Every structure is written in structure tokens, then in C-alpha cells.
Amino acid sequence: MRMEQVKEYLGSDWTRLDEVIRSSLSTDVKLLETINGSILSTSGKRLRPMICLLVAKALGTLNSDSLRYAAACELLHNATLMHDDVADASPERRGRPTVSALFGSTAAVLLGDFWLSRAVELIMGAETHEKVAPMFSKTLTDLAEGEMLQMEKAASADTDEEAYYRIIHNKTASLFETAGMSGAESAGADGQCFEAAREFASDFGMAFQIKDDILDYAGDSKLGKPLGMDISEQKITLPLLGALRASDREQEIREKIRDIHVHPEYCGEIHAFVLENGGVEYAAARLDEYIARACRALEVLPDSPARRYLADIAHYNAFRQI
């Protein structure tokens, strides 16, 4: 499956989404307008709004509320990326300079705030906002708690699988979940179909982050992010946790992660440890489980091209390289 096929299927609705995003960011402040234009010209896959719109089409009629929520998902996602890049002092994201690298950390924080505020305006302008606004509010809470928990665990290097799954749910899956739920709510979905959309989007989000974490060890740095970034930032992710299960070196490895800033040469050693002890394979098995769960959730939905595209997007996680 190619993402272009999904965009072609969504047709004018995909074009309208872009129009909603651009109009929501309109401003007479020239610096803001310049930076906004730069970001929008290199927009990513827009998976979150894509899921929102496909869920709405699968469960009813895609309408103005659907477009508002889809656009809000994209604005909120980008706002958090801008803030994350400042917090992590990241010079690049997906091979491109970050906003903070190009315009400075102050501009990046303020721009993130601007995108977030415009996302709120989009949500509150929807007819069904009373039910949906709490979903987005919970996601914002999840994002903050997930980031803080990750910082706490990075310092102590004691992340276990329970903490790992909580972190990736809060930091990644929660917004996907809200994309699915808001799309379902905009289409007037009943309880069973609404829950199916929620489960699909949440499991998809978990799979998406697990795949990202696999790519940090086994990806192609020419296509995605540089390899080994997680360990250099003391992040213990599923491939490493899987490798630790098969080894008697857990205490030693965790101590080296705590000292990684003093001994950056440990990064290569830990990377090799993960590959040699089946860490990538362990994470890939969990990835397949989440993909299967996401697809099972869709069985409740009526058969339609939109439902089939949602399943295709779930399977896309298994082989994507960026």
C-alpha cells in the first residue's frame, strides 16, 4: 500500500484538510507566517489526521467536525514535536533541521504554543466539542506525564516493560487514540463502533512507536533518524528490554546506560548487545501482536474501502523504514 492511494481515496476531503490546517494557522505576524510556511511545505505523513478521516468515513459521514478534529490532531502533534526538540536540543528531525535549529529555541517554544492554541480553537468550534474536548485534554495530560516519566526513567536507567508501555502509550498512542475517537464521534458512531475505533487507533499507536524503536537499532540512517539516538539519550526501549531478557548482563548494561554521557563509547557496545541477543526480534514479535490486535478491532466496523485502508495502514507498520 502507498500512502498516496489513501490520499486519492480521501480525495477532496484530503485537500480540504490541508485548507483547514493552513487557514487555522493564518496570522499577520510575518515571522510566524514565514515559519509556518516552512513547516507546512515539508509536512510529514499526517497519519493521525488520516486515521481520523478514515474512521469517520468508515462509521458514517465525514463532515466539518471530522476535518476540524483531524486538523487539530496534526497541529497538536507538531506543537509537541517543536517543544520536544527544544527539550532535547535536537538539531534535526527525520533528516531536516528542526525549528529550534533554524530559528532558535525561543521561537520554537512560542510557535509550538501558537499551533497548540489554534488546535484548541479548531476543537472548540466543532458542534460535538463537548464530548471531544475532554479526549484532547486527556491526551495533553498523557503527553506531559509520559515525557516526565521517560525523563525519570532515563536518569535511573530502571525502565521495565510496564513503564515502557506506559511511556509509549502516553507519548504516542494517546494522540492516535484521540484521532480515532474524535473521528468516530464526529460521525455519530454507536458505542460498539466507537470502542472499536478507539481500540484500533490505540493499538496502531503502540505499534507505530515500537516500530520507531526498532528502527533506532535496525533502520537505515539515510532514510530515517540517525541510529542509536535512544541509547545516547538513556532511553531504554523494547529492543533493549528484549535483549536483557536473554542475558545475564542486565545490571552491567543498566549501569553503562547510567554512565553513557561520561562514556559515549558505550553506545556502540549496547547497540551490538541488542542485535546479538535477539532484541530486535523480540520487539518485532510484540509489534506483530499490536498490528494483529488493531486489525481485529476493525472487524466490528462495517466492511468498506475506508475500513480496508485502516487495516492496510496498520500493516504498513511492519515494513516502513521511516
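These legends go with a few views of a predicted model.

**View 1. The whole chain, helices and all.** Here's the full protein chain, whose secondary structure comes to 16 helices and two strands. Its C-alpha atoms fill a box of roughly 55 × 50 × 35 Å along the principal axes. The radius of gyration is 20 Å, which agrees with the value near 20 Å for a compact globule of 322 residues.

**View 2. Inside and outside.** Of the 322 residues in the chain, 54% count as buried. As for the outside, the chain exposes about 14,200 Å², and carbon and sulfur atoms supply 52% of that area. Take the contacts between residues at least 6 apart in sequence: 75% of them join residues at least 24 apart.

**View 3. Close-up of the second largest pocket.** This pocket has a volume of about 170 Å³. Going round its lining, you meet Ala87, Asp88, Glu147, Gln150, Met151, Ala154, Glu233 and Lys235. Helix 8, spanning residues 129-156, gives the most to that lining, with four residues. By residue type, the lining splits into four charged, three nonpolar and one polar.

**View 4. Close-up of Arg118.** Look for Arg118 in helix 7, which covers residues 105-124. Arg118 counts as buried because its relative accessible area is 18%, under the 20% cut-off. Leaving aside residues up to four places away in sequence, Arg118 touches Ser24, Leu25, Ser26 and Leu75.

Notes
Residues numbered from 1 in each chain as written. Predicted model: local features only at pLDDT ≥ 70, side-chain atom pairs only at ≥ 80, totals over all residues. Heavy atoms only, no water. 1 Å grid on protein atoms, 1.4 Å probe; cavity = no way out; pocket = protein on both sides within 12 Å on 5 of 7 lines; lining within 4 Å. Points joined across faces, edges and corners; volume = space filled by probe spheres on them. Nonpolar A, V, L, I, M, F, W, Y, C, P; charged D, E, K, R; others polar. Buried < 20%, exposed > 50% of the residue type's maximum accessible area, 1.4 Å probe, protein only. Contact = heavy atoms within 4.5 Å. Rg over C-alpha atoms; globule rule 2.2 N^0.38 Å. Areas by Shrake-Rupley, 256 points an atom, 1.4 Å probe, with all protein chains shown as cover.
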